[in-house]
Every structure is written in C-alpha cells, then in structure tokens.
Amino acid sequence: MGKQSAIIVPEGCSRVLLHACCAPCSSAIVEWLLAHRIEPVIYYCNPNIYPREEYEIRRNESKRHAESLGIKWIEYEGDPAKAHEEWLQAVKGLENEPERGKRCERCFLYRLQATAAMAQEAGIPFFATTLASSRWKNLEQINAAGEAAALKAQDVQFWAQNWRKDGLQERRNQLLKEYGFYNQTYCGCEFSLSAAGRNNDGTDYAHVGTTGETREA
Ligand code: SF4
C-alpha cells in the first residue's frame with residue numbers, strides 16, 4: 001500500500017480560489033491541484049506589499065505563472081496605493097510587532113476575508129492560501145484567520161492545509177529555478193522590509209530579490 005497523502009482534499013472540492021502571496025509559493029501548490037483534477041483560480045490579494053514597485057514585480061510574476069498554465073487569475077480590486085493605505089489602517093498600532101505577532105494575524109485575516117468574499121462572489125465554494133506553505137509563518141495563525149474569514153462569508157469553506165507536505169516544499173524550490181521566478185527577500189510590508197535591514201523608503205530596493213537570503217512571502 002502506498003504512503004497516504006498528507007494533503008487532504010475537502011469533500012466535494014473540485015475548484016478552489018487560491019489566495020496567492022507570490023508566484024514561487026503558488027507554483028508547487030497549483031501543480032499539485034492540477035495533478036489531482038482540482039481547478040485552481042488564483043487570487044492575487046496582497047495590499048500589504050510595499051513599496052509599489054515590489055507589488056508590481058510580485059503581481060506580474062504571479063500573472064505570468066497563471067498565464068503559462070492557462071489558469072484564471074484575479075487581482076484584488078482597486079488602486080494598489082489606496083489599497084495599501086487601507087491595509088495600513090487595518091494594522092494601525094501594530095507596526096512594531098515582530099513577524100509572527102499580532103500584526104501578521106491581522107494581515108492574514110485582512111487578506112483572507114477579502115479572499116472569502118471573492119470566493120463567495122465568484123461562486124467558488126472553497127478557498128485556500130499559499131501563505132500556509134511558508135516556513136516563516138505560523139500555520140495556526142493562518143488557519144485561525146482562514147476559519148474566521150469563512151464565517152464572515154456565505155457558502156464558502158476554508159481549506160486548512162499545510163502546503164509544505166508531500167514534497168511540495170522541495171518542489172517549490174525546483175519550480176522557482178525552472179520558471180526563473182523573482183524571489184523576494186522579505187515578507188512584504190514596510191515593517192518587514194525594515195526588519196530585513198532596509199530603509200522604509202525602499203532606497204536599496206534594487207537589491208531585493210537579487211542578493212542575500214531568499215525567502216517565501
Ligand atoms: S510581516 Fe508579512 S504577514 Fe506580517 S504584517 Fe507584514 S506583510 Fe503581513
């Protein structure tokens with residue numbers, strides 16, 4: 001008997017709205033879904049990302065990835081600068097929290113509530129997030145945010161899953177090289193950029209993703 005998969009597909013799931021933080025984190029998950037006959041629709045919903053230039057790079061890579069596979073790709077609605085201002089309001093007072101702290105909890109909830117709302121609007125009964133593939137993140141915080149977001153929407157269910165399992169972490173790293181994806185070196189917001197040793201005005205931004213330690217969003 002073969003080894004049982006650690007990825008458990010919710011009953012009745014043949015289509016999922018996949019909140020994608022970035023192309024590298026999406027790649028192995030999307031491949032797995034397609035191999036298991038589950039249709040992914042990618043939702044690029046990351047108003048947390050700063051500066052705008054970084055947002056555009058990650059966005060374009062995610063779109064390129066989806067287009068290469070012929071997958072539907074949706075972007076968070078509205079002007080990115082305004083969306084980031086709204087996100088800043090949502091995390092107000094938590095600026096000095098460390099990563100994996102309360103600001104990140106709020107950030108996960110913010111993005112997953114928007115994802116649940118989009119799933120409802122698009123008539124896709126399940127949603128999941130690539131955030132749950134990152135070794136830099138707290139999986140319990142992500143799952144709690146996903147479950148809370150599902151409660152706020154109607155007829156949608158959060159697919160809580162550790163997406164590092166079944167060799168997906170290793171496959172992610174292979175696909176990163178195969179696609180030649182841009183690979184960021186900080187999580188996304190200005191506070192994580194600052195923690196990564198750069199200025200909040202992004203002055204040495206030219207080096208981000210091209211030098212130093214690479215990491216998942
Ligand atoms: S560090 Fe990452 S998860 Fe935490 S608030 Fe910033 S962008 Fe969001």
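In the predicted model, helix H4 comprises 21 residues, which at 1.5 Å a residue should span 30 Å, and because its end C-alpha atoms are 30 Å apart, the helix agrees with that expectation. H4 is followed by Gly123, a residue whose phi is positive, near 70°. A similar description applies to helix H6, residues 168–179, whose 12 residues reach 16 Å from the first C-alpha to the last, close to the 16 Å expected at 1.5 Å a residue. H6 is followed by Gly180, with a positive phi near 65°.

These helices belong to a protein chain with seven helices and five strands, which follow one another along the sequence in the pattern β-α-β-α-β-α-α-β-α-β-α-α. Of the 217 residues of the chain, 40% count as buried. Among the contacts in the protein chain with a separation of 6 or more, 76% are accounted for by residues 24 or more positions apart.

The five strands form an open sheet in the order S3-S2-S1-S4-S5, with parallel pairing. Its edges are strand S3 (73–75) and strand S5 (157–158), each of which pairs on one side only. Strands of a sheet pair through backbone hydrogen bonds, in either a parallel or an antiparallel sense. Strand S1 (residues 15–19) is joined to strand S2 (residues 39–44) by five bridges, and Val16 has Pro40 as its bridge partner in S2. S1 also pairs with S4 in the parallel sense, over three bridges, with Ala128 of S4 as the bridge partner of Leu18. Two bridges join S4 to S5, again in the parallel sense, and here Phe126 stands opposite Gln157 of S5. In a regular strand the side chains alternate between the two faces of the sheet. Within S4, Phe126 and Ala128 point one way while Phe127 and Thr129 point the other way, and all of these residues are buried.

Nonpolar side chains tend to be buried together in soluble globular proteins. The largest nonpolar core of the model holds 40 residues, of which Val16, Leu17, Leu18, Ala20, Tyr43 and Phe127 touch the most other members. Two or more residues of this core come from each of S1, H1, S2, H4, strand S4 (126–129) and H5, and the largest share, seven residues, is that of H4. For Ala20, the contacts beyond its neighbours within four places in sequence are with Cys25, Ser26, Ile42, Tyr43, Tyr44, Ser62 and Thr130. A second, separate core of eight residues includes Ile49, Tyr50, Cys187 and Leu193.

Helix H4 also takes part in the surroundings of the ligand, to which it gives the most, with three residues of the shell. The ligand is surrounded by Asn48, Glu99, Arg103, Cys104, Cys107, Cys187, Gly188, Cys189, Phe191 and Ser192. At least two residues of this shell are supplied by each of helix H4 (102–122) and helix H7 (190–195). By residue class, the shell divides into five nonpolar, three polar and two charged residues. Cys187 is thus listed both in the shell around the ligand and in the second nonpolar core.

Several backbone features remain to be described. Most residues other than glycine have a negative phi, and most peptide bonds are trans. The peptide bond from Tyr50 to Pro51 is cis, with omega near -5°, and Pro51 lies in the loop between S2 and helix H2 (52–69). Tyr50 itself is among the members of the second core. A positive phi, near 55°, is found at Arg37, a residue other than glycine, which is placed in the loop between helix H1 (23–35) and S2. Arg37 is exposed because 8 other C-beta atoms lie within 10 Å, where 12 or fewer is the cut-off for exposure. Asp155, likewise a residue other than glycine, has a positive phi near 60°, and its place is in the loop between helix H5 (139–152) and S5. With 10 other C-beta atoms within 10 Å, Asp155 is therefore also exposed.

Definitions and conventions
Residues are numbered from 1 along each chain as its sequence is written. This is a predicted model: local features need pLDDT of at least 70, side-chain atom pairs count only at pLDDT 80 or more; totals for chains, interfaces and linings use all residues. A residue is near a molecule or strand if its C-beta atom, placed from the backbone, lies within 6 Å of it. Helices (H or I, at least four residues) and strands (E, at least two) are DSSP runs, numbered from the N terminus. Ala, Val, Leu, Ile, Met, Phe, Trp, Tyr, Cys and Pro count as nonpolar, Asp, Glu, Lys and Arg as charged, and the others, Gly among them, as polar. Two strands pair if DSSP finds at least two bridges between them. The expected span of a helix is 1.5 Å times one less than its number of residues. A residue is buried if 20 or more other C-beta atoms lie within 10 Å of its own, exposed if 12 or fewer, and partly exposed in between; C-beta atoms are placed from the backbone. Two residues are in contact if their C-beta atoms, placed from the backbone, lie within 7 Å. A nonpolar core is a set of buried Ala, Val, Leu, Ile, Met, Phe, Trp, Tyr and Cys residues joined through C-beta atoms within 7 Å.
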